[in-house]
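Trainee: I have a structure open and would like to practise reading it. Could we go through it together?

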Amino acid sequence: MIRDIRAHSGPMKRSGMHLQRSRIRRRVFFFVLWLAIAAAGIFGVFLFFVLQDLPDPTRLTEQNVSQSTKIYDRTGTVVLYDVHGDERRTVVPFDRFPERLRQATVAIEDADFYNHRGLDFRGILRALYVDLVSGNIRQGGSTITQQLVTNSLLTRGRSLREKVLRKIREIVLAIIIDSRLSKDEILALYLNQIPYGSQAYGAEAAAETYFGKSVENLTLPESALLAGIPRAPSYYSPYGPHLDELLQRKDLVLDRMAKLGYITPEEAAKTQKEPLALKRLKQNILAPGFVFYIRDYLRQTYGEEYVERGGLKVITTLDWKLQQTAEEVVRNGVERNSKLIQAENAALVAMDPKTGEVLAMVGSKNYFADPVPASCAPGVNCRFDPQVNVTLRRRQPGSAFKPFVYATALAKGYTPDTILFDVPTEFNSSCNPDGTAPAGVDPRSCYSPGNYDEKFRGPVTVRSALAQSLNVPSVELLYLAGVDDSIQTAGRLGITSIKPDPSRYGLALVLGGAEVTLLDMVHAYGAFAREGVQAPKTSVLRVEDADGNVLEEKKEVSGQVLDPEIARTINGILSDNDARQPVFAPRSSLYFPDRAVAAKTGTTQDYRDAWTIGYTPSLVAGVWVGNNDNSPIQQKGSGVLAAAPIWRAFMDAALEHTPPEQFTRPLPIEADKPILKGLWEGGRAVEIDRVSGKLATPETPDEFRQMIAAGEPHTILYWINRNNPRGPVPENPGDDPQFRNWETALQKWLETHPVGPQPVIPTEYDTIHTEANRPKLFVSAPAPGDVVQDGKVLVVRLSFESVFRAKEIDFIWNDEIKRTVLFPQSPLEISLPVSNGAAGDAVLKVRAADEFGNKSETAIPIVVTP
């Protein structure tokens, strides 16, 4: 029985399991079915929203009118540039497009154009990723058909949803168009409609704009250059600041053509070396260098397409009146320099240091002029290239870089009175002190700079060294301040093109051995003008879209980038006309008789660049003069002789109707070492009382103190540790690698410039300025707490005793000196009018001083009634 049950239980169990599996399969089937129905429904709804209002592909031949972006000056009334102001389009049949242009376009934009059905799936995924990450629609992965759809049929989306829908519609339309039109028809539409920048739409208009010829006459290099533009028409504009990048892209087009077999590699290499003759831009553009600088910013911020088609209204920081002045003074200055010193170009930038706003920018003497020589081709170094904005190009600044080094030294504890030595010095410690190279050392590595006038002045203060732009003491100070630290100071002030790397720059950094832009230098000097406070550099006040929505608006943001006392000290030095002499003439272009203006010049090695940068508390401007191809200027000291007159002419005009401003005077800097206080003749120093000639005491007034020193003179490294100038005197100065050469140079100079007689150091302390010798005051009236009516007269009666002759007695009411009696006699009575302005407490102080500066003071509280 049991055996029978067991025998039947196997088939029964298998039957139940089969039934259970069937039920699971049915459930899975219905779940998948409902999921498919739901997905189909969702996809259908999605397609409805995607395809609704889908543009008619037959409209491809219609002109798609974009909304024009306009760039204005700071008032919003002067149109500097209208992106579509002079839009040019010329439609030509397909057979007029040269084969090389068609091949170049396909090679760089869509190599598989003649094989795919309108889509490049890998490109679509790449483009979607870029759109989602960057927030901007880009055409980097789109086919030629997709680009045609985008430019001719679709409008720009702003939100993420709109961007995604637009990309899907682009794909759908590309498939439809590819099924209806032949590849040559699509390419013809593309070449007739795609934007090539500079208001040129289509290859025919572009050929006329850039080369002055019909499209059918384009050469291979010209075709390659045009084919490279549509990817980013603003960025790759031949008239913008990225011409070098466009020429590189032209070479890339040729390489792609060779890879696809359109031309041979040898033909590509040969064509890449052929010069191009671009037609000079003739457009209605005001302040063109500034305009293209703004366009580049807009392209980076909002994307290529939005700038070209978005109808933006851009209010810039440009002051049109100052811009016109800047263009005029640059043009006149270059005309003079070209005749006298063979300097064919100049650039100017002006900014408001309080806001960081660019007020004027002139990138060359005349953006629309012919190059020098006239046959100079794009991409070839010309002495004058009109459409290169030099304010954005890196050039060596010469001595204009020195203030950053001096500011670094001041921050480390050096003072304006610190003594440096302007004597012939070898600064490569591996070389001999006389500048020769020992065995195993490359003679070219030895470094013995001189001054531009080939003179040496011996001991000089930091103030004189900077004001007179002396090179040898400046190199000394860079070593003391540190190359890396000086670069970091410049970086905090906005000089971002120089990275800490002592092996690359070395001690030549202080003489302008690194490369910077004029725009960055002017911005950095603005931090000095504003006492160490700096606002970010800005050129745009507001950007609105076509509907008037504000996309961007300038916000007032500033930060402290330099200690205010250091900035004030630099301002004081650079505006000190007396300290500039005798290197600069008393009435040079840097001198303003009726206002405080700080200025610094710079000239690079072999006189290739000339700079002048100067400022008031409210305006900073910089000028560069030179040749684009880096050929030398025929003028020593060209910073002050070539650049300064242009700078001065601009400053005179810009400041003409503004009130004079003064720089805040820095506080006195205390230092305990003689060499930091302007004494170098010896190592031992004391303060004496100038009246008695004896050692000063705490009672000695500041105006009667004098420091004297005596002993053997030594270089600064004998007395200080360069990393801690206020610290202890080094026990072994020779441990510093520069000490041997510096000390040898000083001692050699002393052989022909001996130190005069040494002063005698006194041993007794002064007995004139003592507490016992202070005048004694006895005020009998008024008494403390006396009451006086406001507007009445207060009678003061006093007597005094003085060891030495009394010089003066001051009567001070609420910290304001009301009356001074010179050489008074005791007893004394005077009448003081009471003008408190309101009832309340007041203080009368009486202060007496003798002929040697001994002083005493007494204070009497007074009650004033109405």
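Trainee: What percentage of the 866 residues of the protein count as buried?

Mentor: Keep in mind that this is a predicted model. A residue counts as buried when its relative accessible area is under 20%. Of the 866 residues, the share that passes this cut-off is 52%.

Trainee: Thanks! Which helix gives the most to the largest nonpolar core?

Mentor: In soluble globular proteins, nonpolar side chains tend to be buried together. Here the largest nonpolar core has 183 residues, and Leu226, Phe404 and Val625 are among those with the most contacts inside it. Ten of the core's residues come from one helix, spanning residues 638-655, and that top contributor is H22.

Trainee: How many residues are in the second, separate core?

Mentor: Good one to ask next. Leu794, Ile830, Leu844 and Val846 are included in this second core, which is separate from the largest one. Its number of residues is 22.

Trainee: Now the cysteines: is the disulfide of Cys431 and Cys446 left-handed or right-handed?

Mentor: A search of the whole structure finds one disulfide. Cys431 and Cys446 form it, with their sulfur atoms 2.1 Å apart. The torsion about their S-S bond is about -95 degrees, so the disulfide is left-handed.

Trainee: And is Cys446 buried or exposed?

Mentor: Let's start with its partner: Cys431 has 0% relative accessibility, so Cys431 counts as buried. Cys446 has 17% relative accessibility. The cut-off for buried is under 20%, so Cys446 also counts as buried.

Conventions. Residues numbered from 1 in each chain as written. Predicted model: local features only at pLDDT ≥ 70, side-chain atom pairs only at ≥ 80, totals over all residues. Heavy atoms only, no water. Core = buried A, V, L, I, M, F, W, Y, C linked by side-chain atoms within 4.5 Å. Buried < 20%, exposed > 50% of the residue type's maximum accessible area, 1.4 Å probe, protein only. Helix = DSSP H or I, 4+ residues; strand = E, 2+ residues; numbered from the N terminus. Disulfide = S-S within 2.5 Å.
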